[in-house]
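Q: Could you pick one part of this model and walk me through it closely? I'm new to this, so please keep it relaxed and show me how that part fits in with its surroundings.

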Amino acid sequence: MIYLVISSTLLVAGVITIYWLHSQSHLDIGVEPVAAPPAAPLISVCVPARNEENNIAACLEALRTQTYPNFEVIVVDDRSTDSTARIVAELAASVDSGRLLLLRGADLPKGWAGKPHALHQATRAAGGAWLCFVDADTVLAPHALASCWVRAEESGADLFTIMTHQVMGSFWERTVMPLVMTALSVGFPPRQVNDPHSPTAVANGQFMLIRRRVYEAIGGHARIRDQIVDDKALAEQVKRSGYRLILADGRRVARTRMYTSLPQMWEGWTKNIYLGLRDRPATLLLGAFGALLAVLAAVFLPLWPWLGLAWYRRGGGWMAEAVVVQAMALWGALLIARARAAQGMGIPRRYALTTPLGAAIFAAMMIASAWKVLSGRGVTWRGRTYRSV
């Protein structure tokens, strides 16, 4: 009987947990395509680029087709060792004079992280009343800049950021990325981010639009010079200073492919998790809980029905049958939730079946990041090593 009670308790707890995990990502504010305004302030689009030869051309070609009538593009070549600078220079020579500017990034000063320094240099050359930070792996629809600016004005945002459509082309992207995105929505629920009374703050560095006066009032990137995850740090500064932060659904106006392989995902996400745990040691407990859930999904859930079957073969009777049914019921609830999540992210629903594998990799990322924090080994990103301070 004790096994049946445990199984029943796990079923109830599991269903509640699955529902909770998959109910945090709702975005109340969306960006719909709109026509370009007839008159609008200058927007300075700042693009940091370090070894982005595979992405930068598509990013800039999309920017040059924007319907917004008044913008400039400033690309900072952050001391790339590939052909990034050459590609940007060729594009700059082929567009309207003054619309695209290439800056050669200076050496990284002591105490600065790479991306904040690149964006700091871009903003010093920018002349816009609004600053727009766009990552080199992000491609905007032609109406994106106009639509986001209109929505930012309508919502009274001082910092307006969007969740872009995440392009997932490979098996590993489709297996791991959906689970990571679900975890992010749990850690930073959009409704709390948009609530001015909640301290929760996060932004998506793939696209951020901020008023110039607000950026300068909070100290700009100089204020967060040592932060690798500069988007989150900037959002925190905006919200703490009493300005309005808005996180919106921008999947109809922008797309991003963050990583193309498992090694890239491992490097990128262990870096992000490490920094979250490093900056807030108390979140190590939350990270441990997340890793535990991932391990349970990866190891225990597949074993649960087999344990019930083994008990049945050893004379467990109807109680063993009930355990098998409960295990399969929880599996069904999880697969339905993950299939819906996959469909919402534009990938086949069958990838719900890879949940145990994806959860195992995610758990390994969490554990590796926690170890890097506790051991002081730090992380390497874009050829630069960052350690705990």
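**A close look at strand 2**

A: Let's start with a pairing: strand 2 and strand 3 (residues 100–104) run parallel, joined by five bridges. Keep in mind that this is a predicted model. To find one of the contacts yourself, go to Val75, whose bridge partner in strand 3 is Leu102.

Strand 2 covers residues 71–77, and it has another parallel partner in strand 1 (residues 43–49), this time over seven bridges. In that pairing, Ile43 stands opposite Phe71 of strand 2. Now follow the chain from strand 1 to strand 2: it passes through helix 2 (residues 56–64), and this β-α-β crossover is right-handed. In general, strands of a sheet pair through backbone hydrogen bonds, either parallel or antiparallel.

How much of strand 2 is buried? Seven of its seven residues are. Here's a handy bit of background: in a regular strand the side chains alternate between the two faces of the sheet. With strand 2, you can check each face in turn. Phe71, Val73, Val75 and Asp77 lie on one side, and they are all buried. Glu72, Ile74 and Val76 lie on the other side, and they are buried too. That leaves both faces of strand 2 covered.

For a helix to set beside this strand, try helix 5 (residues 144–155), which has 12 residues. From its first C-alpha to its last it reaches 16 Å, close to the 16 Å expected at 1.5 Å a residue. Helix 5 is mostly covered as well, with nine of its 12 residues buried; among them are Leu145, Cys148, Trp149 and Val150. Just after helix 5 comes Gly156, with a positive phi of about 70°.

For something on the surface, go to helix 1 (residues 2–21), which supplies five residues, the largest share, of a nonpolar patch. The patch is formed by Met1, Ile2, Tyr3, Val5, Ile6, Leu10 and Trp318, and together they have about 760 Å² of accessible area. Take Val5, found in helix 1: because its relative accessibility is 43%, Val5 counts as partly exposed.

One more stop, back among strands: three of them form an open sheet in the order 5-10-7, with mixed pairing. Its edge strands, strand 5 (138–140) and strand 7 (165–166), each pair on one side only. Strand 7 pairs with strand 10 (residues 254–256) in the parallel sense over two bridges, and His165 has Arg255 of strand 10 as its bridge partner.

Terms used. Residues numbered from 1 in each chain as written. Predicted model: local features only at pLDDT ≥ 70, side-chain atom pairs only at ≥ 80, totals over all residues. Heavy atoms only, no water. Pairing = 2+ DSSP bridges. Helix = DSSP H or I, 4+ residues; strand = E, 2+ residues; numbered from the N terminus. Buried < 20%, exposed > 50% of the residue type's maximum accessible area, 1.4 Å probe, protein only. Right-handed = clockwise from strand over helix to strand, strands pointing away. Patch = residues over 30% accessible without salt bridge, like charges linked within 9 Å, V, L, I, M, F, W, Y side chains within 5 Å. Areas by Shrake-Rupley, 256 points an atom, 1.4 Å probe, with all protein chains shown as cover. Salt bridge = Lys/Arg side-chain N within 4 Å of Asp/Glu carboxyl O. Expected span 1.5 Å × (residues − 1).
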